[in-house]
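Reader: Before I accept the labels attached to this structure, I would like to hear the reasoning behind them. Could you take me through them one at a time?

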Amino acid sequence: MVTWQHGAAAALVGVGTAEILAALWQTGSPVDAAGKLVVDTGPRPVVERTVKYLRSADKPTIRALVAGTAVGAGAVLGRADRSLPRDLAVTAAGAAGATLALRRRGAADADGGLQSARALTAAAAGGLATLLALSMPARGAPALALVGGSALTAAFRARKRQLSRHDAVRRAGELKVARPLPPPRDGAESWAGVSPLMTPAEDFYVTDVAMRPPLVDPDTWQLDITGACASPLRLSYAQLLARDLVEFDAVLSCVHNRLGWGRLGNQRWTGLPLRDLIDEAVPHAAAGFLVTCATDGWECTLPLDLVRTLNAYVVVGMAGRPLSAAHGFPARVFVPGIYGQFTGAKWLTELRLTEHPNQDYWLPRGWPREPVPVRPTVRIDTPAAGRLPSAPVVCAGVAWAPPHGVEAVEVRVDGGPWQSAELAAELAPTAWRRWRVPLSPPPGPHTIQARCAGRGGALQSPVPRDPFPTGASGYHTVAVTTTA
């Protein structure tokens with residue numbers, strides 16, 4: 001007699017078998033593919049709450065839910081007697097896993113036929129392993145659960161090691177820039193408690209709709225510039241790096257970044273002006289849009305006028321080294337001044353010139369068609385919320401208002417008069433700017449707020465607003481209590 005424990009253990013064996021084979025063959029993961037389906041089809045309010053409350057733990061949580069659902073389904077099947085319908089249900093689950101594993105498997109694979117066969121084989125092996133486990137004695141359920149859990153854990157660890165090895169190899173050498181910028185300094189190096197001028201690459205936020213970054217082989221990767229143009233281009237990774245790379249300093253912010261959050265970072269990027277590549281392709285007179293395409297099939301449309309006026313780039317490096325897989329290796333599109341959700345594709349593979357805008361990933365989810373400009377915003381880094389001494393306290397943080405730059409930062413206590421903050425030197429109008437101001441609030445509870453003004457009259461909005469659909473707004477507010 002099969003029990004629900006036996007069924008759950010058998011399902012875990014099936015999932016573990018499929019995942020370990022997929023990891024060893026470096027092909028599509030059924031769990032990740034199912035998680036991607038959840039991300040792509042989940043109602044927007046649910047997705048927004050997931051981002052808000054889980055933050056960077058969203059994808060591990062989704063993977064756990066997918067695996068848990070499979071095990072739960074196994075528990076239900078385990079309560080049924082051995083029969084053709086039950087076996088067909090397991091077979092159907094394996095087929096569904098195979099279909100999902102092939103979904104958006106990625107255009108970067110050099111041998112699509114081999115990888116497709118491997119993905120199918122891994123999913124089929126998972127279904128077969130489940131059937132075999134169900135045919136074993138029920139008393140072996142604990143051992144089956146141990147085997148399945150161990151295989152699943154080994155698969156996730158193998159994926160992590162593959163990513164680490166990929167990045168270690170790709171980021172081993174420095175990029176060659178003909179006219180490098182001077183070392184980044186703003187005179188605020190000794191300011192305590194404020195964010196670094198350049199966000200360390202390992203701390204730079206990562207967000208995208210891929211469950212796991214694709215590992216692209218630079219030896220087979222190509223960048224195609226196609227569509228409504230007279231001279232289509234095809235560039236290999238080596239050819240791209242052999243061109244006149246330039247450096248630029250810029251802040252990159254996620255549209256989901258809430259007041260005080262860290263879903264943004266400031267870095268020195270390396271790349272090529274996108275308009276130079278576009279001009280080389282000789283766009284047709286009617287071409288008004290650029291569709292940026294990723295290796296996993298994700299697409300984002302940019303108006304050509306915006307690409308030219310905001311000095312967009314094809315980025316190949318950050319902090320002087322090639323991009324990591326998580327940040328878009330081998331290349332990504334970056335348009336300083338618009339939010340990361342709209343700035344262009346990571347894992348870039350094609351730039352397609354068109355006469356009409358594309359049906360992008362975000363449109364069916366209610367986000368606007370036009371790229372959203374970054375709002376002038378201030379973040380208070382110090383003091384943090386809590387108790388403070390009554391002695392003078394230095395309030396400090398970062399402000400950003402790309403592409404025109406930060407002109408002023410002001411701070412107030414308890415809704416009182418605004419005080420002008422001292423600004424560190426500006427690296428570039430597209431970069432963030434550090435600031436500080438001394439405060440001397442009396443003992444007791446207080447609220448500290450900050451705002452900034454950008455050049456050209458752009459002011460930080462005082463109206464509190466959630467990120468959807470045009471980015472968060474309002475004043476970052478920190479509650480403190482000073483003691484005598």
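Author: Let me begin with a definition: two strands are said to pair if DSSP finds at least two bridges between them. In this model, which is predicted, strand 1 (residues 222-227) and strand 10 are joined in the parallel sense by four bridges, and therefore they count as a pair, since at least two bridges are needed.

Reader: What makes strand 5 a partner of strand 10?

Author: The same kind of count is applied: strand 5 (residues 289-294) and strand 10 share six bridges in the antiparallel sense, and the requirement is at least two, so they pair. The residue Arg352 in strand 10 illustrates both pairings, for Thr226 stands opposite Arg352, and Arg352 is also the bridge partner of Val291.

Reader: Why is strand 10 described as largely enclosed by the rest of the structure?

Author: Strand 10 covers residues 348-354, and five of its seven residues are buried, so the description of the strand as largely enclosed follows from that count.

Reader: Trp347 has a phi value that caught my attention; what makes it notable, and where is the residue found?

Author: Phi of Trp347 is near 50 degrees, which is a positive value in a residue other than glycine, and Trp347 is found in the loop between strand 9 (332-334) and strand 10.

Reader: How do you know whether Trp347 is buried or exposed?

Author: Its relative accessibility is 3%, and because buried means under 20%, Trp347 counts as buried.

Reader: Why, then, is Asp414 called partly exposed?

Author: Asp414 has a relative accessible area of 41%, and because the partly exposed class lies between 20% and 50%, that is the class to which Asp414 belongs. Asp414 also has a positive phi, near 55 degrees, in a residue other than glycine, and its place is in the loop between strand 14 (406-413) and strand 15.

Reader: How do you know that His6 is buried, and what is it in contact with?

Author: The relative accessible area of His6 is 0%, and the cut-off for buried is under 20%, so the label applies. His6 is found in helix 1 (residues 4-25), and, leaving aside its neighbours within four places in sequence, its contacts include Ala133, Leu134, Met136 and Pro137.

Reader: What makes strand 11 and strand 16 the edge strands of their sheet?

Author: The open sheet of four strands has the order 11-13-17-16, with antiparallel pairing, and strand 11 (377-382) and strand 16 (422-423) are its edges because each pairs on one side only. Strand 11 is joined to strand 13 (residues 393-400) by five bridges, and Val398 in strand 13 is the bridge partner of Arg379.

Reader: Which peptide bonds are cis, and where do their prolines lie?

Author: One joins Thr382 and Pro383, with omega about 5 degrees, and Pro383 is in the loop between strand 11 and strand 12. Another joins Phe468 and Pro469, again with omega about 5 degrees, and Pro469 lies in the loop between strand 18 and strand 19.

Reader: How do you know that the radius of gyration agrees with that of a compact globule?

Author: For 484 residues the value for a compact globule would be near 23 Å, and the chain has 26 Å, which agrees. Buried residues make up 51% of the 484 residues.

How values were computed. Residues numbered from 1 in each chain as written. Predicted model: local features only at pLDDT ≥ 70, side-chain atom pairs only at ≥ 80, totals over all residues. Heavy atoms only, no water. Rg over C-alpha atoms; globule rule 2.2 N^0.38 Å. Buried < 20%, exposed > 50% of the residue type's maximum accessible area, 1.4 Å probe, protein only. Helix = DSSP H or I, 4+ residues; strand = E, 2+ residues; numbered from the N terminus. Contact = heavy atoms within 4.5 Å.
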